[in-house]
Structures are given as C-alpha cells and as structure tokens.
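Me: Please take me closely through the helix packing and side-chain pairing in this model. Go step by step, and keep it brisk.

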Amino acid sequence: MTLTWWGGTRLVAGRALAEGFASTSWKVVTGLMLLVGIAAVVIPRLFASGGTTYTLATVGQAPPALVAQLDALSRAGDFTITYDAAADAGAVASAVRDGTADAGIVEVGPATRVYVQRANAGTFPALVSGAVRATATVEALAASGLSPGQVAALQATPAPEQVVVGPVSDEGRAGVGFAVGIVLYIALLLAGTGIATTVATEKSTRISEVLLAVLRPTQLLVGTVLGSGLLVLIQIAAVAVPVGGSLLFASGSAIPTSAAPDIVLAVLWFVLGLALYAFVFAGLASLVDKVSEVGSALMPVNFLLVGSYLIAVTVVAVSPDGWVSVAASMFPPSAPLVMPVRWATGSVPVWQLVLSMGITLATAVVLAKLASGIYRRGVVRTGQRVSLGTALRAR
C-alpha cells in the first residue's frame, strides 16, 4: 500500500495519540492536572471573603455628614464600611486596640481625634481623616453664608484628569501578560520535553527502524511532533481551560476586559513557539542512544528557553520599550516568550507584532528543515550517542 506524505504523517501522529491515550501514566498525569485546574478555581471561592470591609468606631451614632462622605469614598473604592457605636472615648480606643474596629474617631470637629492601632496603619485611617476634614470644610462653608446648592456645587468639582506616563498603560493587563509569559514558558518546556522523550524512546526501542522501512524520515518526524505535541497540549488545556474560563467569564473577574485578546493571542504564540522549538527538540533527541541522555542533549535549547523567559519577566517588565526588550520581542528564539509580555504593556505597534510573528514563522520553517536533516541522520544510528557535529556533516 502506497501512502501519501500526509497520509503517512497522519498515521504516525495517530499512532502517537493512540499510545498516549492508552498509557496509564498519561491518564494519571492528565487527571491530576485537571484536578489542579479545578482546585485552582474552586478553592479561592471557598475561602473568598466577599470584598473588603472596614469598621469605624464612634462615640454614639456617626454624624450623618461624615457617613455621607465615607459612603461616597467606599463606593468609589469598592469597599464597605460598617459603623460601631461605642459608649465613650475609652470604648472607642478599646475597640481599635482589640481589632474589632479598624479605626475610631472622637469629637467630630476641630478637636477630632482618630484612633489607630499603630503609626502608618494603612489606607482606611487616612480616608477617615480626609472625610473628617471634608465634613469640617462643608460645615465651615455653610457657616460662612453659602447656600446648600453652592456647597453642593463645590463638592461636585471633578477630580483632575489622570494622564498615564509610566512604562505600562494598564497595570491589570500587564499583570496578565506577565502571567502569560510564565505559562508559555512552562507549556513550551513541557511540550518540547514530551516530544524529545517520545523520539528517544522510539529510537532506543528500534521502533523508528521499523517505521522507516515504510515511511520517510520527515513523515516520522512531523507525525511524532504532531502527536506528542497534541498529547501535551491536552494536558496543558486540562489546567488552562477551567482556570482561564473562570477568570474570563466569572462575574467580578480580576482580569480586565482589555486583556482577553492578549490571552487569545497567547494561544497563537504557543503554536508559533512550538513550531519553532518542537523540531529542534526532536532533532536533538534523535542523537541520543538512551532515554536517560535526553536531558543533557536538550540542555542548549533549554538554556535558550530559560534565557528568553528571564528577559520576558525581568527586562520587559521594567523597560518594555528598551532596545533589549524590542530586539528580544522581534527575533527568535526569544520572540514567542517576550512579545506576548511586551504586547500586554500596550506600547507595541501592530506592525512590530505582525513582523515578529512573520520572522518567527519563517525561522520555524528553516529550523524544521535543519532538524529534519539531523533527525534523518541521527535516528538510524544506534548503539552510541551521535554528536551534533557528526549529524550536521553527514550526508
């Protein structure tokens, strides 16, 4: 029976998938990763506090004017304030000292005292102090003869416009980009190691020799990469889908809407990164004679991945528009890890993103051809480890 090139490749990929699905270890690892993904969604919700709440202790009922000021601040800051009416100043101090109140006030007016547990106690006491001053200001304006409407007009003065001039325009989106860089690094490392282990196992067990009797080396290489890559991708999805779906679609999600396209783009960068690195992993793995030698054979490419990851989460986070960040995001081997993080800062022109993808794809094609030659020469040589130089010089 004569197989087309794609038919033979699909046969090898299907065989790799079938063996993976039948493997007990693959099922166990995938199941554990799925449990980790579900636990990452469920456990935080079980222990969620339902939002930030502060308690303010006062002597008697809190003055309505002060309550109005604090309630306006709480709505703007998305937190809740409860009020604890104490009998006297000593009771207010005791409530703050015992931790039942976050702050306390006595004698609203010019002689107001704010009770805190310690110096520099945080944001809430400062907000209380500001609300007390605002309340005193309103009362002073009213006492000076301004009408309630005039006082309300002064209170309605809009806050000054904030102009972002920092390196990152959206901190929430940049944080998601930082997380994406970590996930991409782990995903590419797992996928590449899985592909390399499969290639080394097939060579050491002489399965490759049997398959090469009826298939071309490129069919065996591409089929193995596709099948093994899909197996690892399924395992990664077992964690990423429940966590990502929960973060994106749950009400009150901490992920900003502006970051949703970045997460979709990360999937595309994973595919490009896998295309860039997968054949290199497979080619290097074909040089070993034992599966135990895979780690040392992959050391050079692992160094590239680690270096790219470190640039993504350190240099880019500090200076996304520096020349190192720009260069690392534009050119392989670092582009698949660096560009998603830099793109999330909001400072990357679209043309740079498109050019980076194009260069990465073109490099992946060149590396695939080079790795195919190494694989073709290395996989048929058994009994000893083949050096990279020997594989490159062989014809």
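**Helix packing and side-chain pairing**

Reply: Ala126 counts as partly exposed, because its relative accessibility is 47%. Keep in mind that this is a predicted model. Ala126 sits in helix H5. Its C-alpha lies 9.4 Å from that of Val114, and the two residues are twelve places apart in sequence.

Stay with H5 and turn to its packing. Two packed helices are described by the angle between their axes and the distance between the axes. Helix H5 spans residues 123–143, and helix H3 covers residues 64–77. Their axes come within 9 Å and cross at roughly 130°. That angle makes H3 oblique to H5, because only angles over 145 degrees count as roughly antiparallel, and 65 to 115 as roughly perpendicular. The crossing of H3 and H5 is right-handed. Which residues of H3 meet H5? H3 brings Ala65, Leu66, Gln69, Leu70 and Leu73. H5 answers with Leu127, Val128, Ala131, Val132, Ala134, Thr135 and Val138. By class, this contact of H3 with H5 has ten nonpolar residues, two polar ones and no charged ones.

Next, the pair H14 and H15. Helix H14 runs over residues 335–343 and helix H15 over residues 350–378. They pack at an angle of about 165°, with axes 11 Å apart. H14 is therefore roughly antiparallel to H15, since the cut-off for that class is over 145 degrees. The crossing of H14 and H15 is left-handed. From H14, the contact uses Ala335, Pro336, Met339, Arg342 and Trp343. From H15 come Val350, Gln352, Leu353, Ser356 and Thr360. Six of the residues in the contact of H14 with H15 are nonpolar, three are polar and one is charged.

How much of H14 is buried? H14 is mostly covered, with nine of its nine residues buried. The list runs Ala335, Pro336, Leu337, Val338, Met339, Pro340, Val341, Arg342 and Trp343. Arg342 is buried because its relative accessibility is 2%, and the limit is under 20%.

Arg342 also takes part in a salt bridge. Its side chain meets that of Asp321 at 3.8 Å, N to O. This pair links distant parts of the chain, 21 residues apart: Arg342 is in H14, and Asp321 is in the loop between helix H12 (299–318) and helix H13 (323–330). Asp321 is partly exposed, because its relative accessibility is 48%. So the bridge has a partly exposed end at Asp321 and a buried end at Arg342.

The loop between H13 and H14 needs a look too. Pro333 is found there. The peptide bond from Pro332 to Pro333 is cis, with omega near 5°. Most residues other than glycine have a negative phi, and most peptide bonds are trans.

Now the other salt bridges. How many does the structure hold? There are three salt bridges. Arg15 and Glu19 form one of them, at 3.2 Å from N to O. Both residues lie in helix H1 (residues 5–22), four residues apart, about one turn of the helix. An α-helix has 3.6 residues a turn, so residues three or four places apart point the same way. Glu19 is partly exposed because its relative accessible area is 44%. Arg15 is also partly exposed, at 22% relative accessibility.

Arg15 pairs with Glu202 as well, and this salt bridge is 2.7 Å, N to O. Arg15 is in H1 and Glu202 is in helix H7 (residues 171–204), so the pair ties together parts that are 187 residues apart in sequence. Glu202 is buried, because its relative accessible area is 5%. Arg15, Glu19 and Glu202 are thus linked in a network of salt bridges.

One last residue is Thr30. Thr30 belongs to helix H2 (residues 24–46). Thr30 is buried, because its relative accessibility is 13%. Is Thr30 buried or exposed by the cut-off? Buried: 13% falls under 20%. Leaving out residues up to four places away in sequence, Thr30 touches Gln235 and Ala238.

Definitions and conventions:
Residues are numbered from 1 along each chain as its sequence is written. This is a predicted model: local features need pLDDT of at least 70, side-chain atom pairs count only at pLDDT 80 or more; totals for chains, interfaces and linings use all residues. Side-chain values use heavy atoms; hydrogens and water are left out. Helices (H or I, at least four residues) and strands (E, at least two) are DSSP runs, numbered from the N terminus. Buried means under 20% relative accessible area, exposed over 50%, partly exposed in between (1.4 Å probe, protein chains only). Contact means heavy atoms within 4.5 Å. Axes are lines fitted to C-alpha atoms, for helices over the stretch in contact, and angles run from 0 to 180 degrees between N-to-C directions. Angles under 35 degrees count as roughly parallel, over 145 as roughly antiparallel, 65 to 115 as roughly perpendicular and the rest as oblique. A crossing is left-handed if the near helix is turned anticlockwise from the far one by less than a right angle, and right-handed if clockwise. Ala, Val, Leu, Ile, Met, Phe, Trp, Tyr, Cys and Pro count as nonpolar, Asp, Glu, Lys and Arg as charged, and the others, Gly among them, as polar. A salt bridge is a side-chain nitrogen of Lys or Arg within 4 Å of a carboxyl oxygen of Asp or Glu.
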